[in-house]
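Have your viewer ready and a selection box open. We will go stop by stop, picking residues and seeing what is there.

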Amino acid sequence: MPYSYVLNNDAARPLYEQLYEALRVSIEMGELKSEEKLPSKRRMSTELGISQNTVKAAYDQLILEGYIRSVPRSGFYVCSVKPLEKITRPPARQQDAEAAATSPFYLYDLKTNTVDTASFPFSTWARLSRRILQDDHMDLLSMPDPQGDLELRQAIARYLHTYRGVNCRAEQMVVGAGTEYLLGLIIQLFSRQTRYGIENPGYEKTRQILKSHDALILPLAVDAQGLSLEALETSQADIAYITPSHHFPLGIVMTYQRRQALLRWAGKIDNRYIIEDDYDSEFRFSGRPIPSLQGLDQREKVIYLGTFSRSIAPSMRISYMVLPHHLLLRFHETLLFYASTVSHFEQRILNAFIREGYFERHLSKMRQIYRKRKDILLNAIFSWPYIDQITIAGSDAGLHLILYFPEHVSEIELIQTAGRYQIKVYGLNRFFYEHDAAQTREATQTKRQPGIILGYAHYEENRLKKAADKLGAI
């Protein structure tokens, strides 16, 4: 039974209304069966961290509307309610009124920027923390190296060489608090006239960071092999920012041939570079992993970006970049005055976590968990009665997949309808950059086809299946 409802204290609607709505929808969708016993007011208040009066108000409203009944000295039971099978679309005015009255509360949020934090190795991390506090307590108070702790950089370099084919030494690496911070440093290594070609569609935050630095942005189309070489060749881009291991959001794994072609493009002119964002390369579920673009580079044209936000936890604000040697010299000349943005303590713990084999074991465990969740989600989607009208993409790697719908389907209506039944899904078209109509027109084949993106990393299997079943019914 799903009692892990997320109630928003800051929402306009009171908590009892949010709980009432969550339980009502669960009953209508058949998640809570007829004659199923609900938790007592005391137990529900304890599980959700709310007052018993809040639970009582929600239960009273459900009793009033005939969704549950109270049995003296026994408890609360679900009444016989026909599960929702088909949604009849209300008139437009009624839709607007409903939208205005409903607060942003979701039973399920299939977002892509989360991981399974419940599987985090808390005991191991705590043990390493205590040991480092005891053994290294004096060093922890000093300022870390501006590029990051040397031993941590050495550990990351060995890992990258072994598992991603990255050719680098520790001195080429800069550790920082998040990829966003490191991208800001990269921008400062180049002139203000530098033009950045970005994937279109692509990761929203990348273009937001570039825009915040007043960088010149050129959105470039993506085809079945990754960033379009034709679009890149005809553009005036100096730097191409790409996610070749798992394109966001389309899930494309860039082919070896396209990677070689991009390296040839970068090698033609001295001031051309490629930024390789390898944000979730650890999670690939079929086929052999393709080596990093940086590992194929023979002319030092690739700036490599990596992070532990996906492999460990989003709150692990430790990312790193690998600079070509000549750009490292430029970094030392112009940006070495920046202090390290990651504490000594966090860097030492992560270093021990990697060196003592815990990181590798954690990744192996998480790959198994995510593979199982992906399969659960796919199997649930395959059972939808209209599955023959849907195309599934991006399931071979990463932690999300895409459902493409027929062209006559409205992507906005898909999102809004799911939202009315407390399921948050994300549309594909939001990730297109509407900068230049002529350039954006190159990507219209993908853009015309409506699609929704489903992240599956943060829900355990039963809850994920219920979300998929409910989404299918809606």
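## First stop: a helix crossing

H6 and H13 cross in a left-handed manner. This is a predicted model, so treat what follows as a tour of a prediction. To find the pair, select residues 150-164 for helix H6 and residues 344-355 for helix H13; their axes come within 9 Å and cross at roughly 35°. Now show side chains: Glu151, Leu152, Gln154, Ala155, Ile156 and Arg158 of H6 make the contact with Gln347, Leu350, Asn351, Ile354 and Arg355 of H13. Colour them by class and you should count five nonpolar, three polar and three charged residues in the contact of H6 with H13.

## On to the eight-stranded sheet

Keep H6 on screen and bring up the strands. In which order do the eight strands of the open sheet run? The order is S4-S11-S10-S9-S8-S5-S6-S7, and the pairing is mixed. Select 173-176 for strand S4 and 226-227 for strand S7: these stand at the edges with a single partner strand each, so one side of each has no neighbour in the sheet. H6 packs on this sheet, where it touches S4, S10 and strand S11 (319-322), and its direction makes about 110° with that of S4.

Next, pick residues 273-277 and residues 302-307, which are strands S9 and S10; they run parallel and are joined by four bridges. For one bridge to zoom in on, take Glu276, whose partner in S10 is Tyr304.

## Following H13 into H14

Return to H13 and add helix H14, residues 358-382. The axes of H13 and H14 come within 4 Å and cross at roughly 70°. That angle makes H13 roughly perpendicular to H14. Select Ala352, Phe353 and Ile354 of H13 together with Tyr358, Phe359 and His362 of H14 to see the residues that make the contact. By class, the contact of H13 with H14 divides into five nonpolar, one polar and no charged residues.

## H14 and its other partners

Stay with H14 and select residues 461-473, which is helix H18. At what angle do H14 and H18 pack? The angle is about 25°, with the axes 9 Å apart. That makes H14 roughly parallel to H18. The crossing in which H14 passes H18 is right-handed. On the H14 side, show Ile369, Lys372, Arg373, Ile376, Leu377 and Ala380; on the H18 side, the residues they meet are Glu461, Leu464, Lys465, Ala468 and Asp469. The contact of H14 with H18 has six nonpolar, no polar and five charged residues.

H14 also lies across S12, S13 and strand S16 (451-455), and runs at about 15° to S13. Display the open sheet of four strands here: the order is S12-S13-S16-S15 and the pairing is antiparallel. Its edge strands are strand S12 (391-393) and S15, each of which pairs on one side only. S12 and strand S13, residues 400-404, pair in the antiparallel sense over three bridges. Click on Ala393 and you will find it opposite Ile402 in S13.

## An aromatic pair between loops

The structure holds 18 aromatic pairs. For one of them, select Phe248 and Phe431: the ring centres are 5.2 Å apart and the planes stand at 90°, so the pair is edge-to-face. Phe248 is in the loop between strand S8 (239-242) and helix H10 (256-267), while Phe431 is in the loop between strand S15 (426-427) and helix H16 (437-441), so the pair ties together parts 183 residues apart in sequence.

## Backbone details to finish

Most residues other than glycine have a negative phi, and most peptide bonds are trans. With that in mind, try these backbone stops.

- Phe248 appears again here: a cis peptide bond joins Phe248 and Pro249, with omega about 5°. Pro249 lies in the loop between S8 and H10.
- Select Asn200 and Pro201, which are joined by a cis peptide bond with omega about 10°. Pro201 is in the loop between strand S5 (195-200) and helix H8 (204-212).
- Select Asp214, a residue other than glycine with a positive phi, near 60°. Asp214 has its place in the loop between H8 and strand S6 (216-223).

Methods: Residues are numbered from 1 along each chain as its sequence is written. This is a predicted model: local features need pLDDT of at least 70, side-chain atom pairs count only at pLDDT 80 or more; totals for chains, interfaces and linings use all residues. Side-chain values use heavy atoms; hydrogens and water are left out. Axes are lines fitted to C-alpha atoms, for helices over the stretch in contact, and angles run from 0 to 180 degrees between N-to-C directions. Helices (H or I, at least four residues) and strands (E, at least two) are DSSP runs, numbered from the N terminus. Angles under 35 degrees count as roughly parallel, over 145 as roughly antiparallel, 65 to 115 as roughly perpendicular and the rest as oblique. A crossing is left-handed if the near helix is turned anticlockwise from the far one by less than a right angle, and right-handed if clockwise. Contact means heavy atoms within 4.5 Å. Ala, Val, Leu, Ile, Met, Phe, Trp, Tyr, Cys and Pro count as nonpolar, Asp, Glu, Lys and Arg as charged, and the others, Gly among them, as polar. Two strands pair if DSSP finds at least two bridges between them. Rings of Phe, Tyr and Trp (its six-membered ring) pair if their centres lie within 6.5 Å; planes under 30 degrees apart count as stacked, over 60 as edge-to-face and the rest as tilted.
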